[in-house]
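Student: I'd like a close look at one charged residue and the part of the chain around it. Could you walk me through it slowly?

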Amino acid sequence: MKRYLCSIIIGMVVILSIGTYYVKVASSASSLPKYTFKTLEGSDKELDPVIINASLQNGSNFYEPLTIESNTTTYESEKSYLENLTGRQHHLIERLVKEHRSFMRGKDSISSLYEDDDFLAYARVNSEYTKSGNMEAKFDIGLLEKKDEEETSFQIELPNQGRIMNADVRDVQLVHSKLQVLTMNDVNSNNEKQTKEVHLYTIDVANKKVLSDKTLVSETFTDPEQVDFQMPIDLAPSQPNNMVFISLIKGVNHEDGFEEKLKESKLLSYNYETEKLETVKKELLSLDMARSGYCDGKNLYAVEMKSGKYFIKTFDLSSQTLTNDTELDIAANKMEQDFAAIKNGRVYFLLGNEVDQDVLTNKPAKLLIADIKTGKTLYKGETVINKKNSKSFQLYFEDLEIK
């Protein structure tokens, strides 16, 4: 009896401790300012799919992540233990976990996923270094047939892994029943030189083997020269895309910073269907606009600020032509950070974090939702705060997502 009584007491202490913790957390969160958007123009229903990830800070004394979703603020400390354990996830990952929990176990990288009406696929490079200092790398491959929930999963060795120092999966596509896996690799040159490459691996899922390893781009350089590859922000991660856009950056590291060699840097497009790698003419789309742009596999959308106004340029990847140049009804400010997302024929444009001489101001953030083709404003609003003590806090925006 004493043994059971001891267990009961311990259980009660644990429950009371957890309860006390959540009461304190709730009390702490309730004292923090809540941010919402006040509608200045249009319908507030346009806010329903908007997710804004941010953090509230007070110098080095306080830091609290938060999310403004469907115009409601939720602090990390208000979430459950399990929600905080998994951390902040892309909303597409959250949806896939709910719909295909078994298949999605351990899969948290959106760039490693592909989804269409019939299939959900996954490809990740799993690597480790042996005692001899060599890297052993394998593909973790998964394929789910949605109709009957039939799963296929296996590991397969990465080709030529002896020369690879690191491989980062950047895009996964399913083309003609074959898995196409695009990676950016750091290659061991065994001397002072460094090599970076873009690879495309074709994987036969049915027979569990790598059919080909195609090097799309390879650049070798010696310090202080530098080479890097970048891709525009993917607006439709995991969705079927025919094309991928790659920015090749070349430059030199000086004592006072990095200097880019603009004449040697270039923009590349690769078509999965035609297997063609092409260089995009710089006069059609500047390097800076492409790197900071947003791509959905068919178009690249670039933000341009000129004459005190913002413009969204639509660049067709297949024809390599500028198809639209839309002015946004919002004043431009060089000191403000901007975040954009394009979905369902709309451009979502967030302005915030105005920095004046390295000091963050507490001006309201602005959100504009407009028709991508016509520029017609569907919604315009700015942040309002419900707490008087909010002046001691700074709100830092981190990214903008659309459900």
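Student: Does Glu46 count as buried or exposed here, and at what relative accessibility?

Tutor: Keep in mind that we're looking at a predicted model. Glu46 counts as buried, because its relative accessibility is 16% and the cut-off for buried is under 20%.

Now, what does Glu46 pair with? Its partner is Arg346, and the two form a salt bridge in which the closest N and O atoms are 2.9 Å apart. The general idea is simple: side chains of opposite charge can pair when their charged atoms come close. Look at where the two partners sit. Glu46 is in the loop between β1 (35-42) and β2 (50-58), while Arg346 belongs to strand β24, so this pair ties together parts that lie 300 residues apart in sequence. Arg346 isn't as covered as the buried class requires: with a relative accessible area of 25%, Arg346 is partly exposed.

Let's follow Arg346 into its own strand. β24 covers residues 346-352 and pairs with β23, residues 337-343, in the antiparallel sense over 7 bridges. Across from Arg346 stands Lys343, its bridge partner. β23 and β24 make a hairpin with 2 residues between them, and in that turn Asn344 has a positive phi of about 55 degrees.

Next, what lies inside? In soluble globular proteins, nonpolar side chains tend to be buried together. The largest nonpolar core here has 24 residues, and those touching the most other members include Phe37, Val50, Ile52 and Leu350. Among the elements that give two or more residues to this core are β1, β2, β23 and β24. You've met those names already: β1 and β2 flank the loop that holds Glu46, and β24 carries Arg346. Another of the core's best-connected members is Leu56. Setting aside residues up to four places away in sequence, Leu56 touches Phe62, Leu66, Tyr75 and Phe393, to name some of its contacts. A separate core of 22 residues lies apart from this one, with Phe139, Ile156, Leu158 and Ile164 among its members.

Ala365 is handy for seeing how the chain folds back onto β24's neighbourhood. This residue sits in the loop between β26 (359-360) and β27, and Ala365 is buried, with a relative accessible area of 2%. Ala365 and Gly352 are 13 residues apart in sequence, yet their C-alpha atoms are 4.5 Å apart in space. Ala365 also touches Phe37, Leu350 and Phe397, among others.

How many salt bridges does the structure hold? There are 17, so it's worth putting another one beside our Glu46 pair, which spans parts 300 residues apart. Take Arg95 and Glu99, whose side chains meet at 2.9 Å, N to O. These two are 4 residues apart in helix α3 (residues 91-99), about one helical turn. Arg95 is partly exposed at 28%, and Glu99 is partly exposed too, at 44%. The helix has a covered side as well: His91, Leu92, Ile93 and Leu96 are its buried residues, and they pack against β2 and β23, among other strands.

One further pair is Lys146 with Glu115, at 2.8 Å between the closest N and O atoms. Lys146 lies in the loop between β7 (135-145) and β8 (150-157), and Glu115 in strand β5, so this pair ties together parts 31 residues apart in sequence. Both Lys146 and Glu115 are buried. Through shared partners, salt bridges join Arg95, Glu99, Glu115 and Lys146 into one network.

β5, β7 and β8 also belong together in another way. Four strands form an open antiparallel sheet in the order β5-β6-β7-β8. Its edge strands are β5 and β8, each pairing on one side only. Neighbouring strands in this sheet are turned by 15 degrees against each other on average, direction ignored. Within the sheet, 8 bridges join β7 to β8, and Glu145 stands opposite Glu150 in β8.

Finally, step back to the whole chain. It has 4 helices and 29 strands, and 42% of its 403 residues count as buried. Our starting residue, Glu46, is one that counts as buried.

Conventions:
Residues are numbered from 1 along each chain as its sequence is written. This is a predicted model: local features need pLDDT of at least 70, side-chain atom pairs count only at pLDDT 80 or more; totals for chains, interfaces and linings use all residues. Side-chain values use heavy atoms; hydrogens and water are left out. Two strands pair if DSSP finds at least two bridges between them. A salt bridge is a side-chain nitrogen of Lys or Arg within 4 Å of a carboxyl oxygen of Asp or Glu. Buried means under 20% relative accessible area, exposed over 50%, partly exposed in between (1.4 Å probe, protein chains only). Axes are lines fitted to C-alpha atoms, for helices over the stretch in contact, and angles run from 0 to 180 degrees between N-to-C directions. A nonpolar core is a set of buried Ala, Val, Leu, Ile, Met, Phe, Trp, Tyr and Cys residues joined through side-chain atoms within 4.5 Å. Contact means heavy atoms within 4.5 Å.
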